[in-house]
Amino acid sequence: MEKVRCGWCEKDDLYKKYHDEEWGKPVHDDETIFEFLVLESFQAGLSWYTILSKRENFRKAFDNFDYKKVALYSDKKIDELMNNSGIIRNKLKILAAVTNARQFMVVQKEFGSFSKYIWGFIEGKPIDNNPKTLADVPATTEISDRISKDLKKRGFKFVGSTVIYAHMQATGMVNDHIEDCFIRK
């Protein structure tokens, strides 16, 4: 018998693997948090499937999401990224990744880790929304609004509330697996 999953991931095996192995599982290491922050910011206005299908290309293009390296990207490297057909070639999003890497390290310095900072908004414990269906899953919440506003105040780009809520879902800050999903069980 086929496993019951959240309806959004039934498209194909790439989505199923991501859903089963990553989505909604709590992430506390700064490297993975940064990876999702970059990927979610590139998703703005696009489908997650588009980003997920290019994830390996993004990893190669962005030095395996090493924020210390990304923070030092030169104009030459940005031009290389703009010519890389394997990723989303949006200059504002590429520049945002560089800016966000720099600001990420500023936050790390202030809080000891980015993880402590972002998980602090929910007191270190995942929020379980316990949605019955996909229709019960919000696009934003008061907390994603607050995180987004704070990140923007700190100089981050492409971190609107919808992007931040998707980031919270991806990194397990919220559990939005639907009631019948085998992972919830």
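The exercises below, each with a worked solution, concern a predicted model.

**Exercise 1. The largest pocket**

Determine how much space lies in the largest pocket, which residues are closest to its centre, and which elements line it.

Solution. Begin with the volume: the largest pocket holds about 410 Å³ of space. Its lining consists of 21 residues, and those closest to the centre are W8, W23, Q43, A166 and Q169. Next, assign the lining to secondary structure. Two or more residues come from each of α1 (13-21), α2 (30-43) and α10 (161-170). Of the elements, α10 contributes the most, with 6 residues. Finally, classify the lining by residue type: 15 residues are nonpolar, 4 are polar and 2 are charged.

**Exercise 2. The salt bridge of E35**

Identify the salt-bridge partner of E35, and establish whether the two residues are buried or exposed.

Solution. The structure has a count of 12 salt bridges. In one of them E35 pairs with R55, and the closest N and O atoms are 2.9 Å apart. Locate the two residues: E35 belongs to helix α2 and R55 to helix α4 (residues 55-61), so the pair ties together parts that are 20 residues apart in sequence. Then apply the cut-off, by which buried means under 20% relative accessible area. E35 has 8% relative accessibility and therefore counts as buried. R55, at 7%, likewise counts as buried. As a last step, place the pair in its wider setting: E22, E35, R55, E56 and R59 are linked in a network of salt bridges.

**Exercise 3. Two further salt bridges**

For the salt bridges R154 with E110 and R184 with D128, state the N to O distances and where the partners lie.

Solution. Take R154 and E110 first: their closest N and O atoms are 2.9 Å apart. R154 is in the loop between α9 (142-153) and α10, whereas E110 is in helix α7 (residues 91-111), and the pair links distant parts of the chain, 44 residues apart. To classify their exposure, note that exposed means over 50% and buried under 20%, with partly exposed in between. R154, at 21% relative accessibility, is therefore partly exposed. E110 has a relative accessible area of 51%, so this residue is exposed.

Turn now to R184 and D128, whose side chains meet in a salt bridge at 2.8 Å, N to O. R184 is found in the segment after β2 (174-175) and D128 in strand β1 (residues 127-128), so parts that are 56 residues apart in sequence are tied together. D128 counts as partly exposed because its relative accessibility is 44%.

**Exercise 4. Aromatic rings**

Describe the geometry of the pair formed by Y18 and F36, and name the residues that ring pairs link into a cluster.

Solution. The structure holds 19 aromatic pairs. For Y18 and F36, the centres are 6.4 Å apart and the planes form an angle of 50°. An angle under 30 degrees would count as stacked and one over 60 as edge-to-face, so the remaining class, tilted, applies to this pair. Y18 lies in helix α1 and F36 in helix α2, so the pair ties together parts that are 18 residues apart in sequence. Y18 is buried, with 3% relative accessibility, and F36 is buried as well, at 2%.

Then consider the cluster: ring pairs link F34, Y67, F104, F111, F114, Y117, F121 and F156.

**Exercise 5. A charge over a ring**

Determine which residue lies over the face of Y73.

Solution. K77 lies over the face of Y73, at 5.1 Å from the ring centre.

Technical notes
Residues are numbered from 1 along each chain as its sequence is written. This is a predicted model: local features need pLDDT of at least 70, side-chain atom pairs count only at pLDDT 80 or more; totals for chains, interfaces and linings use all residues. Side-chain values use heavy atoms; hydrogens and water are left out. On a 1 Å grid over the protein atoms alone, a cavity is a set of points where a 1.4 Å probe fits but cannot get out, and a pocket is an open set with protein on both sides within 12 Å along at least five of seven lines; lining residues have an atom within 4 Å of a point. Grid points are joined across faces, edges and corners, and a volume is the space filled by probe spheres set on the points. Helices (H or I, at least four residues) and strands (E, at least two) are DSSP runs, numbered from the N terminus. Ala, Val, Leu, Ile, Met, Phe, Trp, Tyr, Cys and Pro count as nonpolar, Asp, Glu, Lys and Arg as charged, and the others, Gly among them, as polar. A salt bridge is a side-chain nitrogen of Lys or Arg within 4 Å of a carboxyl oxygen of Asp or Glu. Buried means under 20% relative accessible area, exposed over 50%, partly exposed in between (1.4 Å probe, protein chains only). Rings of Phe, Tyr and Trp (its six-membered ring) pair if their centres lie within 6.5 Å; planes under 30 degrees apart count as stacked, over 60 as edge-to-face and the rest as tilted. A charge sits over a ring if NZ of Lys or CZ of Arg is within 6 Å of the ring centre and within 35 degrees of the ring normal.
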